[in-house]
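This report goes through the strands, the core and the ligand shell of one model. The sequence and structure come first.

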Amino acid sequence: MSATNFSTTTAATVSTTAPAATPTAATPTAATGIAPVLTAPPAPTAANSPALQAAIARGAIAILGTGSHAPKNIVTNDDLARQGIDTTDEWIRTRTGISSRHIGANGEATSDFATRAAQAALADAGLTPADIDLIIIATLTPDLPMPACATLVQQKLGARADIPCFDLNAACTGFLYALDTAWAMVASGRYKHALIAGAEKLSSILDWQDRNTCVLFGDGAGAAIIGATRARKSTFAGSHFSPLRAGTLPPEIIGVRLYCTPDTELLHIPVGGSLRPHTAGTYAQRQHYVQMKGKKIFKIAVREMERAAREILEQHNLTTNQIALVIPHQANRRIIDAIAKNLNYPPDRIFVNLDRYGNTSAASIPIALDEARRSGRVHPGDTTLFLAFGAGLTYGSALVRW
Ligand code: COA
């Protein structure tokens, strides 16, 4: 069975897409066929304002906008059973909390989802592709081994041709790794607006004959714009705010903690890299697909996300009472419930959307963040806690004030 021949139960687009941008700086010249490199510094904009410079000096770097996108094909648990996978809706829902997931079509790729999410995030931030001077895509399913998915997003967005664009692979923790990287690069004062996205087409690396893994994952992307805090008018009802006004704490990335404890065979794809390139034999043994020891991962995920939460709260002298909303990696409802119980944190203040997406790896947190904001779960002044865990084993936490 291929990843993309499922019948579609519901065809609802969850895109929050802004109109496609017209390519500008990256358009190849007729004479050379090569995109011209901009040499002139960007024209002064609001991004160079004294208020912004002051914010940079204070280190107040914030998430200025978010967006998300998922392919329109929705595949329910019953659809999977109907397609011949030896499973039931009841098993998947009770063991994981997942009811359905989005699966990309043939011809759709990770950069398409990331670009749509990025367009929505830019619209939310009130910016255009020309304002972006750094693109980082967190993904383990880039369109191609090379070039980087970020370069394809740059091209599809029509972003500037003189900016760094690169991918980052920290599996399901990828968005927090990208957040920390972009935060540091913007805080250095060398970049004004970073576009970061977590984006995946996991359906392309799943073994659709392995019920232990294929029912758990889905496709999609979430994006955020990272920049020094400035006054802005959010597109979300009820969340207009002007963070630089007197007496108000600016929205801010308060802290990020990243970890990696090597255990490289609990969740991996055994072949396809420089150590073990594909051969006819490895294809026949289906070794080019995701393999996972689910029970072991489950226990470590609970333990390490709890640890990442405790350590970041302690570092910033915060208690769980001061966290308005937790946005965890969306892998399994029982993992999330166990963390809530261990931290003695009210489950109704944890954002969960895995029932409709499954585990979308690096896209999981930014999709959840965008949905949380758009559904009114995040308010000015709120502090949110992000918790992530993934292959590697990578894990981490982040605190963001809005
Ligand atoms: N449908 C029906 N039965 C299934 C099934 C499916 N999709 N997948 C596995 N089973 C079967 C197993 O074969 C096993 O059968 P057996 O007892 O006859 O051998 C039985 O269900 C129980 O399997 P078990 O592994 O004990 O289930 P579990 O309660 O541990 O749940 C996971 C399995 C994968 C859902 C759970 O371990 C998990 O979520 N782990 C974390 C995975 C994860 O989040 N990874 C990503 C981290 S970023």
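In what order do the 4 strands of the open sheet with mixed pairing stand? The order is β9-β14-β13-β12. Two strands pair if DSSP finds at least two bridges between them; helices (H or I, at least four residues) and strands (E, at least two) are DSSP runs, numbered from the N terminus. The edges are β9 (252-263) and β12 (325-328), each with a single partner strand, so one side of each has no neighbour in the sheet. From one strand to the next the twist averages 10°, where axes are lines fitted to C-alpha atoms, for helices over the stretch in contact, and angles run from 0 to 180 degrees between N-to-C directions.

The model is predicted: local features need pLDDT of at least 70, side-chain atom pairs count only at pLDDT 80 or more, and totals for chains, interfaces and linings use all residues. Residues are numbered from 1 along each chain as its sequence is written.

**Sheets**

β12 pairs with β13 in the parallel sense over 4 bridges, and Leu325 has Thr384 as its bridge partner in β13. Helix α6 (residues 174-187) lies across β9, β13 and β14 (392-401) and runs at about 130° to β9.

Another open sheet has 5 strands in the order β2-β8-β7-β5-β6, again with mixed pairing. Its edges are β2 (61-69) and β6 (165-168); each has a single partner strand, so one side of each is left without a neighbour in the sheet. Here the twist averages 20° from one strand to the next. Strand β5 (residues 134-138) and β6 are parallel, paired over 4 bridges. Helix α5 (residues 149-157) packs on this sheet, touching β5 and β6, with its direction at about 125° to that of β5. Within the β5 and β6 pairing, Ile137 has Asp167 as its bridge partner in β6.

| Sheet order | Strands | Average twist |
|---|---|---|
| β9-β14-β13-β12 | 4 strands | 10° |
| β2-β8-β7-β5-β6 | 5 strands | 20° |

**Core and packing**

The chain has 12 helices and 14 strands. Of its 402 residues, 47% count as buried. A residue is buried if 20 or more other C-beta atoms lie within 10 Å of its own, exposed if 12 or fewer, and partly exposed in between, with C-beta atoms placed from the backbone.

The largest nonpolar core (buried Ala, Val, Leu, Ile, Met, Phe, Trp, Tyr and Cys residues joined through C-beta atoms within 7 Å) holds 106 residues, of which Ala114, Ile135, Ile136, Ile196 and Ala197 touch the most other members. At least three residues of this core come from each of domain 1 (10-26 + 52-228) and domain 2 (252-401), the bounds being from an automatic or database domain assignment. Beyond four places in sequence, Ile136 touches residues including Phe166, Leu168, Ala178 and Ile196; contact requires C-beta atoms, placed from the backbone, within 7 Å.

Ile339 is in helix α10 (residues 333-343). Ile339 is buried because 24 other C-beta atoms lie within 10 Å. Leaving aside neighbours within four places in sequence, Ile339 contacts Val302, Met305, Glu306, Pro328 and Leu387. Ile339 and Ala301 lie 9.1 Å apart, C-alpha to C-alpha, and 38 residues apart in sequence.

**Ligand shell**

Around the ligand are 21 residues, and Thr87, Arg211, Gly294, Phe298 and Ala331 come nearest; a residue counts as near if its C-beta atom, placed from the backbone, lies within 6 Å. At least two shell residues come from each of α3 (89-96), α7 (211-214), α9 (294-315) and β13 (383-390). α9 gives the most, with 5 residues.

Terms used
Contact = placed C-beta atoms within 7 Å.
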